[in-house]
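Here is a short set of exercises to work through with the structure at your side. Try each task before you read its solution.

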Amino acid sequence: MTAATVMLAACCVSLVGAVVVIPVCRNRLLAGQVNLAASVLAGLLAAGAGLSVLAGGPGEPLTLLTMPEYGSALRIHVDGLSAVFLLLIALISALAALYSLEYMEHYAEYSLLRYYPYFQLFVAGMYAIVVITDLMAGFFICWQLMTLASYALVRFEYRKVENIRAANRYLVAMQVACALILAGAAMLAQGPATVGGHKRMRFDFDAISHGMPDLLRHSGGLVTVALLCFLLGFGIKAGMWPFGQCWLPAAHPAAPSPISALLSGVMIKTGMYGLMRSFLWLVREDALAAFPSQAWRLAIAGLGTITLFVGTMQALRQEQSKRLLAFHSIGQMGYILLGLGACLALLPAGVRDEGVLGLAALAFYGSLFHAMNHGIFKSLLFLNAGSMLSAIGTQDLNRLGGLMRPMPTTAVTALIASLSISGVPLFNGFASKWSLYVAAILGSAHAPYLALCVVVAILTSTLTLASFLKFFGASFLSRRSAAVAERIASRGRLEVGRSMQAAQVTLAVGCLLFGLAPLFGYWVIQRALATSPQGLAILLARPPLIAATGLTGIAPPGGRALFVPLVVLVVFGATLLFAAAVSRLGGVHRRAAEPWLCGYALESEQNRYTAHNFYREVTRYFHWLGGTGPSPHRENGAGRSADAVAAGAGTNTADPRT
Amino acid sequence: MEASFGVRILHGVLNVALVLVLAPLFEGILRKVTARVQSRQGPPVWQPYFDLLKLLGKEDLETGESPGVQRLAAWLSLAAILSVSLLVPMGGASPLSPAGDAYLLIYMLTFCGITTMLAGLAAGSTYSVVGMSREMMAVMTLEPLLAVAVIIGVVRVGSLRLDEVLNGSPYAHAKLPLAGLIMLAVSVLALQAFIGRLPFDITEAETELMEGPLMEYSGPKLALFKFTRMAKVVVYGSLLVALFAPWGSGLPAPVNLLALLAKLLVLVLAVTLVAATHARYRIDQAIRYYLGLLGASFAALVLALAGY
């Protein structure tokens, strides 16, 4: 059985699951279990297909349906790049299904008939879009399956008018993207071709790739326009500035949290998948002189830099948990785009110089690795936000606080995810950003603008850290808010159920695993490049695997940079033990006490420092970036008490409780 | 010129010991000189050692709702600054250079800041969180300055390895190292802020925020945080010396150490004089100042990329 057949089976399992789950939707638990079973089965099949391709190379493609009159054929082909995305989709979708089991209980007033069937269709659409090779009919079917199903999921809470609005925006954005991509494909398609002894239809990826060198020679302008269409179309999907801002921050918070995790962790990655395919896999090495021109490389790296800065700066001003995360998704996609841009910028010089080729490959490693890591930690963050939403019933960070004690598992996993997305060493975000930065800084000898991009990216990493200290601190640390205290009084226990905890813990382990052993991630990408030999990817697969130093250390060929996480872990652990020992030297005893609030202890809700107040002196310089807008989830009163604190803590004596 | 494993361990122990011993001494000098400038007698130079020892034996009050995080934050703060001291050369090679590069250094420096912020958040007092927010704003605008200085060095020498970067690299391979000189000026102007001294001690701001993130801490935890603050002078000082004034570090063993000490002493005196004669800035004034420095450092980076 080839990988393509297995993938067909995985898609079929999801589609069948969507049908089977319909009659049992009245029984909430059973529906969740059927959904979980289907997701796990499909996930196992997809992961199996992905792993077999990574290990043994792509098998025979599978052609389902040929439509010569339309120039299309539904051909399934799993290569290394697809395999990486398949693994990601399989992992996140299975965990999202596990999380949904208990999470969907708090939507008692909404029928699950609007949830589980679409969940399965959505997952099937995502599996299909990364393995289909046809860029017209096949692409259209998969894209619409993915889009329409997720549209239904975004408007799941249809009684809130802002969710319907968000869903409609999302739908329009995706249809525009679809039209752009199809138009791009139509411009590039030259006619049927025979590639490697096989006849390929007009719109098949292989046929288009085959015709590219001719097309570049004769009508370069047409290729430019087509690539622009691809960049815009896939860019809209990936949340690239300025298009991402149109739909992403509205759609992600509107969907139920497991769906937000899927949207942000996986679905927007299909946009990056499309960009990687169209800029690296479509063009052959012999056409490199004509493609892509210097302006293109500058444009992609520049767009990536703008996207990461703007998205993160806008995120810094958010007060709604899921909206904050959504803006960070835009920011993090910027890093991935920057990696792709750096890779393209270094490739032409890389053809002549093996060392530069190594850097180009390193940039691509960073880009794809960051896509994987972002999938893991951002889904985890959305699940964390979902746990808080289901426990406290609000997305408003101003009304949260002191959840560390009542929700320890959620708190610790959220801390791990926050440190990962901020790129703190020993967590997975650091490993991928490291390779991206190393490639760009060392590559600036050939493309000087990359060094500027890196400085902006490093600055943005600090902004990300600031934003997540706010996210984590305002919700889990700080002081217990009135809303939290009220919930504890009425429900007793706040921590989410076992299955939700299990989903969060699994993802947190993933963050640590890739952080401590980044070599494992590099190996996956190395295999992915080696098992998808087409276009410029052949070039990228050529330099040796990032040299391993020490146990799980990584270093680019030539050893001009290095990172050995295990040694850093040991040294840091030793200093931590030393610090703990020093603090015990005096043998003092600890005593719990009340914090000192200048005698205004009774007004604790009024003088809590809420999320609204963080970093105002910096963010006010960036009001022109926009992004706040009238927040649909903003509850009355939160802003007022926060302003009282801003005016001077403890001065509000009008409170009746004093 | 790879040093052996044993030599690296020795250097590492030496660095940690240097930080542990020097930090309170410099603090003592700082206090004494400040007092003299302000026509006071001032405490003896050894006073900070006694302060720390005394704090280690004082009762430990925990006011936050998550005391575990408070404890962890205190340990992390010392662990982070000591780990950074292992990445910075102090009179020898950087001991941990086979495990990480310049980018790890940039991130570990940021991590030093996180620990105080975590402490402020966990303490749960409004003042602590105000202080934390201020600290983060300072980190946001200051950290890129160091990053730019390091990246200019990296671009010049074409390598991220610490032993090559932390060796006067911003001046390397340029006839007139304009970018390096600009970054030297920027770093000197920002040093006061890096180590959180007047006029930039906005995070702690005793007179308005009552020590900010640290106001709820006492006993051994306060000792660890106070020590970390003192240690920043040594670590950041050594880092600037290594980046911009590494002369003498190649000399045989005791001489290079003495050279470093002399340079650090000059830095401490300069910091003290500024601190003793300036009043604290408001947070918005400080941010504007930092943003100005950030602009200058961007200009320096562009110059460096153009080969100056």
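**Exercise 1. Work out how many residues each chain gives to the contact between chain A and chain B, and describe the side of chain A.**

Solution. Start with the counts: in this predicted model, chain A brings 68 residues to the contact and chain B brings 67 residues. Next, look for the elements of chain A that take part. At least two residues each come from α15 (428–443), α16 (449–476), α21 (565–584), β7 (590–592) and α22 (616–619) of chain A. Among these, α16(A) gives the largest share of the side that touches chain B, with 12 residues. Finally, sort that side of chain A by residue kind: 47 residues are nonpolar, 12 are polar and nine are charged.

**Exercise 2. Find the strand of chain B that pairs with β7(A), and say in which sense they run.**

Solution. The partner is strand β1 of chain B, residues 60–62. Three bridges link β7(A) to this strand, and the pairing is parallel. To place one bridge, go to A:Arg591, whose partner in β1(B) is B:Leu61.

**Exercise 3. Decide whether chain A is as compact as a globular protein of its length.**

Solution. First take stock of the secondary structure: chain A has 23 helices and seven strands. Now compare two values. The radius of gyration of chain A is 25 Å, and the globule rule gives 26 Å for 658 residues; the two are close, so chain A is as compact as a globular protein of that length. For the extent along the principal axes, the C-alpha trace of chain A spans about 85 × 60 × 45 Å. As for burial, 63% of the 658 residues of chain A count as buried.

**Exercise 4. Check the length of helix α1 of chain A, then find what its buried residues pack against.**

Solution. Helix α1 of chain A covers residues 3–20, which is 18 residues. At 1.5 Å a residue it should span 26 Å, and its end C-alpha atoms lie 25 Å apart, which agrees. The buried residues of α1(A) include A:Val6, A:Met7, A:Leu8 and A:Cys11. Their packing partners in chain A are α2 (28–56), β1 (62–67), β2 (72–76) and α4 (116–131). Two of those partners, β1(A) and β2(A), run antiparallel and are joined by five bridges. One bridge joins A:Met67 to A:Ser72 in β2(A). Four residues lie between the strands of this hairpin, where A:Gly71 has a positive phi near 70 degrees.

**Exercise 5. Two serines have a positive phi: is A:Ser478 buried or exposed, and is B:Ser39 buried or exposed?**

Solution. A:Ser478, with phi near 55 degrees, sits in the loop between α16 and α17 (482–491) of chain A. Since 32 C-beta neighbours lie inside 10 Å, A:Ser478 counts as buried. B:Ser39, with phi of about 60 degrees, belongs to the loop between α1 (5–37) and α2 (47–56) of chain B. Having 6 C-beta neighbours inside 10 Å, B:Ser39 counts as exposed.

**Exercise 6. Judge where chain A should be read with care.**

Solution. Begin with the average: chain A has a mean pLDDT of 87, and 93% of its residues score at least 70. Then turn to residues 630–658 of chain A, where pLDDT stays under 50. Where pLDDT is low, the predicted coordinates should not be read in detail.

Definitions and conventions: Residues are numbered from 1 along each chain as its sequence is written. Chains are lettered from A and ligands numbered from 1 in the order in which they are written. This is a predicted model: local features need pLDDT of at least 70, side-chain atom pairs count only at pLDDT 80 or more; totals for chains, interfaces and linings use all residues. The expected span of a helix is 1.5 Å times one less than its number of residues. A residue is buried if 20 or more other C-beta atoms lie within 10 Å of its own, exposed if 12 or fewer, and partly exposed in between; C-beta atoms are placed from the backbone. Two residues are in contact if their C-beta atoms, placed from the backbone, lie within 7 Å. pLDDT is the predictor's confidence in each residue, from 0 to 100. Ala, Val, Leu, Ile, Met, Phe, Trp, Tyr, Cys and Pro count as nonpolar, Asp, Glu, Lys and Arg as charged, and the others, Gly among them, as polar. Two strands pair if DSSP finds at least two bridges between them. The radius of gyration is taken over C-alpha atoms; the globule rule is 2.2 Å times the number of residues to the power 0.38.
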